[in-house]
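The exercises below ask you to read a protein chain step by step, with the structure in view. Try each task before you turn to its solution.

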Amino acid sequence: MRRRVLPGLPLSLGLTLSYVGLIILLPICALVYKAASLGPVAYWEIVSSPRAIASYRVTGLSALGATLFNLFFGFALAWVLVRYRFPGRRLVDAIVDLPFALPTAVAGIALTSLFAANGWFGSALAGIGIQVAYTPLGIMVAMAFTSLPFIVRTVQPVLEDLDPALEEGAQSLGASDLSIFFRVILPLLGPALLAGVSLSFARSLGEFGAIIFIAGNLPNQTEITALLTYIRLEEYDYQAAAAIASVLLITAFVMLAVTNILQAYGLRYTQKG
């Protein structure tokens with residue numbers, strides 16, 4: 001008799017697919033159906049309106065800036081957590097996951113309090129002419145806060161699994177520390193870094209709660225796409241909300257595809273190594 005990997009696989013698979021269909025696929029299908037009911041001309045008019053395009057620009061550029069910041073700071077944080085031992089290391093490692101557990105609205109209020117003109121950080125930055133709260137820079141700060149763990153947690157396990165013999169072999173051949181980093185370590189971390197960047201960027205695109213409190217929400221200036229979708233819902237313009245949300249949905253699917261491709265490449269690369 002053929003053995004199955006898991007007992008009751010047909011039942012568990014059926015329950016899993018039913019759950020995915022009800023919780024994930026059904027809302028997505030409803031969104032696509034609502035947006036498709038507009039027709040091509042009306043749909044294009046909504047998604048290409050000046051206010052919508054401005055929200056895409058604000059969201060995309062802010063997400064890009066936050067992701068680039070997280071790429072360097074998140075990589076440095078993962079490196080320190082793996083390569084060094086210091087008092088409070090476990091506490092810092094636990095704090096990295098705080099954005100996952102903290103409600104985004106609470107994070108937005110906390111960031112606004114810190115970076116407002118009378119806040120701890122905001123007052124100091126205002127002295128040198130830098131305003132964070134209610135500007136695109138504030139949006140980047142909120143996005144960076146909520147998406148940082150994706151890069152750290154993607155790179156950290158790969159760093160931990162690196163074979164020290166590779167670095168020792170390069171040192172024995174006379175390679176400098178900088179050469180070892182760029183020629184030995186970085187190529188091995190490349191797939192993990194790319195996957196973490198993709199996840200961080202996708203997370204930043206969909207962020208809402210942490211941003212609306214610190215952004216200022218001015219149309220054409222600091223209004224993100226998720227907020228514009230919410231405004232259309234409050235106006236009971238469900239078709240326009242669905243059309244604008246579908247732009248984020250398409251972007252999310254593209255980022256998901258890129259992430260899966262990078263993860264599959266990283267797995268093959270690790271297996272070959």
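**Exercise 1. Is D97 buried, partly exposed or exposed, and which residue does it pair with in a salt bridge?**

Solution. The model is a predicted one, and the first step is to look up the relative accessible area of D97, which is 29%. Because buried means under 20% and exposed means over 50%, D97 counts as partly exposed. The second step is to find the partner: R153 forms a salt bridge with D97, and their closest N and O atoms lie 2.9 Å apart. This pair links distant parts of the chain, since R153 belongs to helix 8 (residues 136-161), whereas D97 sits in the loop between helix 4 (89-95) and helix 5 (98-101), 56 residues apart. R153, at 23% relative accessibility, is likewise partly exposed.

**Exercise 2. Where in the chain are E223 and R51, and how many residues apart are they?**

Solution. Begin with the contact itself, a salt bridge in which the side chains of E223 and R51 meet at 2.6 Å, N to O. Next, place the two residues: E223 lies in the loop between helix 11 (209-215) and helix 12 (225-234), while R51 lies in helix 3, so that the pair, 172 residues apart, links distant parts of the chain. Finally, look at the accessibility of each partner, where E223 is buried with a relative accessible area of 2%, whereas R51 is partly exposed at 25%.

**Exercise 3. Which residue forms a salt bridge with R203, and which residues are joined into one network?**

Solution. The partner of R203 is E207, with the closest N and O atoms 2.5 Å apart. Of these two, R203 is partly exposed, with a relative accessible area of 25%, and E207 is buried, with a value of 2%. For the network, look for salt bridges that share partners, which join D93, D97 and R153. In total, the structure holds five salt bridges.

**Exercise 4. Which residues touch the most other members of the largest nonpolar core, and which elements supply it?**

Solution. This core has 23 residues, and those touching the most other members are I139, A142, M143, I211, I214 and I224. Two or more residues come from each of helix 3, helix 6 (104-115), helix 8, helix 10 (177-206), helix 11 and helix 12. To follow one member more closely, take A142, which, once its neighbours within four places in sequence are set aside, is in contact with L111, A210, I211 and I214. A second, separate core has 19 residues, including L77, V152, A170 and I180.

**Exercise 5. Which residues form the nonpolar patch on the surface?**

Solution. The patch consists of Y19, L22, I23, I24, L25 and L26, which together have about 630 Å² of accessible area. One of these residues, L26, can be placed in helix 1 (residues 9-36).

**Exercise 6. How many helices and strands does the chain have, and where is confidence lowest?**

Solution. Counting the elements gives 13 helices and zero strands. For the second part, compare the mean pLDDT of the elements: confidence is lowest in helix 13 (residues 238-272), at 77, and highest in helix 3 (residues 50-83), at 92. Over the whole chain the mean pLDDT is 84, and 93% of the residues reach 70 or more.

Notes
Residues are numbered from 1 along each chain as its sequence is written. This is a predicted model: local features need pLDDT of at least 70, side-chain atom pairs count only at pLDDT 80 or more; totals for chains, interfaces and linings use all residues. Side-chain values use heavy atoms; hydrogens and water are left out. pLDDT is the predictor's confidence in each residue, from 0 to 100. Helices (H or I, at least four residues) and strands (E, at least two) are DSSP runs, numbered from the N terminus. Patches are made of residues with over 30% relative accessible area and no salt bridge: like charges are joined within 9 Å, nonpolar side chains (Val, Leu, Ile, Met, Phe, Trp, Tyr) within 5 Å. Accessible areas come from the Shrake-Rupley method with a 1.4 Å probe; for residues, only the protein chains shown count as cover. A salt bridge is a side-chain nitrogen of Lys or Arg within 4 Å of a carboxyl oxygen of Asp or Glu. Buried means under 20% relative accessible area, exposed over 50%, partly exposed in between (1.4 Å probe, protein chains only). A nonpolar core is a set of buried Ala, Val, Leu, Ile, Met, Phe, Trp, Tyr and Cys residues joined through side-chain atoms within 4.5 Å. Contact means heavy atoms within 4.5 Å.
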